[in-house]
Amino acid sequence: MDNRRLAVLGNPVAHSRSPEIHRDFARQTGVDLDYEKILVPDGRFHDVAMDFLGAGGVGFNITLPCKGEAFDMAEHRSVSANRSRAVNTIAAEASGRIYGDNTDGAGLVQDLTHNLGWKIADQRVLVLGAGGAVRGVLWDLLQAAPCYIHLHNRTSAKAIQVAAQMADGRITAVEMSDLEQGYDLIINGTSAGLSGNVPELPENILGHHSHCYDMVYGAGATAFNEWCLSTSRCEVADGLGMLVEQAALSFRLWFSEAVQTRELIMSLRKTT
Ligand code: ATR
């Protein structure tokens, strides 16, 4: 059989580690695949995506800022995609229909609970940010049965809007002055870290028992995780595991094959 053609579409896309991750999964499972990076010029997502599928692509991943356009092109979608209104995985079905899923949230939950062994169930959770990255994971976080989720954003109107869209009594938007002390789990979903910044926050949101997760990753501790560690004896982790887990779920959607992720996360860590 010919190699299966897959890709990641986005802008920028050069930094993406998806090709090496999916090549590792292909090696594990014996699937033959070509996985490319495709840069999408402004406003061209739909054409680029349709060309790729028309040329025999079996599916693709979508990175920023195209997850909303990928949502629009999908002809039917998973609940997670519908609830987040974002799609990070497209699969061309045998019938020709285009299916859209969002594996970001499930990837985050898998990394938190399975790889890190942290609890979400019954925990008091604080999520920072109210952009696309956060909208993409809230529904799956709720499926993991937290006690509640406080959503805090620099621009509070956006947090209020996102909390309202989720329409679940366990999610509340909170202002800085209403943040509680010592959350069990704090997830940074802001993009502040991409420019080396940390959101402005009171130190008492952290307790010694707190688990702090930054959805971005990089060489060494992220700016947010450094702030957490300098403030409290909490535990921290970055988003590299989430990146690999969301990819594993995409791979399973395309090929119905489960893959191992632990060694891959460790080896990517060495080259990040
Ligand atoms: P993404 O798709 O990565 O989520 P986004 O939709 O632009 O990107 O959202 C970025 C998020 O990071 C927003 O919640 C943003 O806060 P605002 O809504 O107030 O802009 C947050 N963010 C970015 N830089 C930040 C900073 N320096 N401090 C606090 N929050 C920041």
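Tutor: Two strands are said to pair if DSSP finds at least two bridges between them. Please keep in mind that the structure before us is a predicted model.

Student: In what order do the six strands of the open sheet with S9 and S12 stand, and what is the sense of their pairing?

Tutor: The order is S9-S8-S7-S10-S11-S12, and the pairing is parallel. From one strand to the next, the twist averages 20°.

Student: How do you know that S11 and S12 pair?

Tutor: Pairing requires at least two bridges. Strand S11, residues 211–214, and S12 share three bridges in the parallel sense. The requirement is therefore met, and the two strands count as paired. As an example of residues facing each other here, Cys212 stands opposite Val236 in S12.

Student: What makes strand S9 and strand S12 edge strands?

Tutor: Strand S9 (171–173) and strand S12 (235–237) each have a single partner strand, so one side of each lacks a neighbour in the sheet.

Student: How do you know that helix H9 packs on this sheet?

Tutor: Contact means heavy atoms within 4.5 Å. Helix H9, residues 223–231, touches strand S7 (124–128), strand S10 (185–188), S11 and S12. The direction of H9 makes about 160° with that of S11.

Student: Let us return to Val236. Why is Val236 called partly exposed?

Tutor: A residue is buried under 20% relative accessible area and exposed over 50%, with partly exposed in between. Val236 has a relative accessible area of 27%, so it belongs to the partly exposed class. Leaving aside residues up to four places away in sequence, Val236 touches Trp118, Cys212, Asn225, Cys228 and Leu229.

Student: What is the order of the strands in the open sheet that contains S1 and S4, and what kind of pairing is found there?

Tutor: Its six strands follow the order S2-S1-S3-S5-S6-S4, and the pairing is mixed. The edges are strand S2 (33–39) and strand S4 (76–77), each with a single partner strand, so each has one side without a neighbour in the sheet.

Student: How do you know that S4 and strand S6 pair?

Tutor: Two bridges join S4 to strand S6, residues 98–101, and these strands run parallel. The definition asks for at least two, so the count satisfies it. The bridge partner of Arg77 in S6 is Gly100. Helix H10, residues 240–255, also packs on this sheet, where it touches S1, S2, S3, S5 and S6. The direction of H10 makes about 10° with that of S5.

Student: What makes the span of helix H1 agree with expectation?

Tutor: The expected span is 1.5 Å times one less than the number of residues. For the 12 residues of helix H1 (residues 18–29) this gives 16 Å, and the end C-alpha atoms are 16 Å apart, so the values agree. The buried residues of H1 include Ile21, Phe25 and Ala26. Among the elements that cover the buried residues are S1, S2, S3, H10 and helix H11 (262–270). Just after H1, Gly30 takes a positive phi of about 80°.

Student: Is Asn102 buried or exposed, and how do you know?

Tutor: The relative accessible area of Asn102 is 3%, which is under 20%, so Asn102 is buried. Asn102 lies in the loop between S6 and helix H5 (104–115).

Student: What makes the pair of Asn102 and Asp104 a polar contact?

Tutor: For such a contact, a suitable pair of N or O atoms must lie within 3.5 Å. A polar atom of the side chain of Asn102 lies 3.0 Å from the backbone nitrogen of Asp104, so the distance falls within the limit.

Student: Which distances show polar contacts between the ligand and Asn153, Lys158 and Ser191?

Tutor: A polar side-chain atom of Asn153 lies 2.7 Å from an oxygen atom of the ligand. For a polar side-chain atom of Lys158, the distance to an oxygen atom of the ligand is 2.7 Å. A polar backbone atom of Ser191 is 3.0 Å from an oxygen atom of the ligand. Each distance is within 3.5 Å, so each pair qualifies.

Student: Why is Ala167 called exposed, whereas Ala145 is placed in another class?

Tutor: Ala167 has a relative accessible area of 67%, which is over 50%, so Ala167 is exposed. Ala145, at 36%, lies between 20% and 50% and therefore counts as partly exposed. Ala167 has a positive phi of about 45° although it is not a glycine, and Ala145 has a positive phi of about 60°.

Methods:
Residues are numbered from 1 along each chain as its sequence is written. This is a predicted model: local features need pLDDT of at least 70, side-chain atom pairs count only at pLDDT 80 or more; totals for chains, interfaces and linings use all residues. Side-chain values use heavy atoms; hydrogens and water are left out. Helices (H or I, at least four residues) and strands (E, at least two) are DSSP runs, numbered from the N terminus. Axes are lines fitted to C-alpha atoms, for helices over the stretch in contact, and angles run from 0 to 180 degrees between N-to-C directions. Buried means under 20% relative accessible area, exposed over 50%, partly exposed in between (1.4 Å probe, protein chains only). A polar contact is a pair of N or O atoms within 3.5 Å; within protein, one must be able to donate a hydrogen and the other to accept it, and residues adjacent in sequence count only if both atoms are side-chain atoms.
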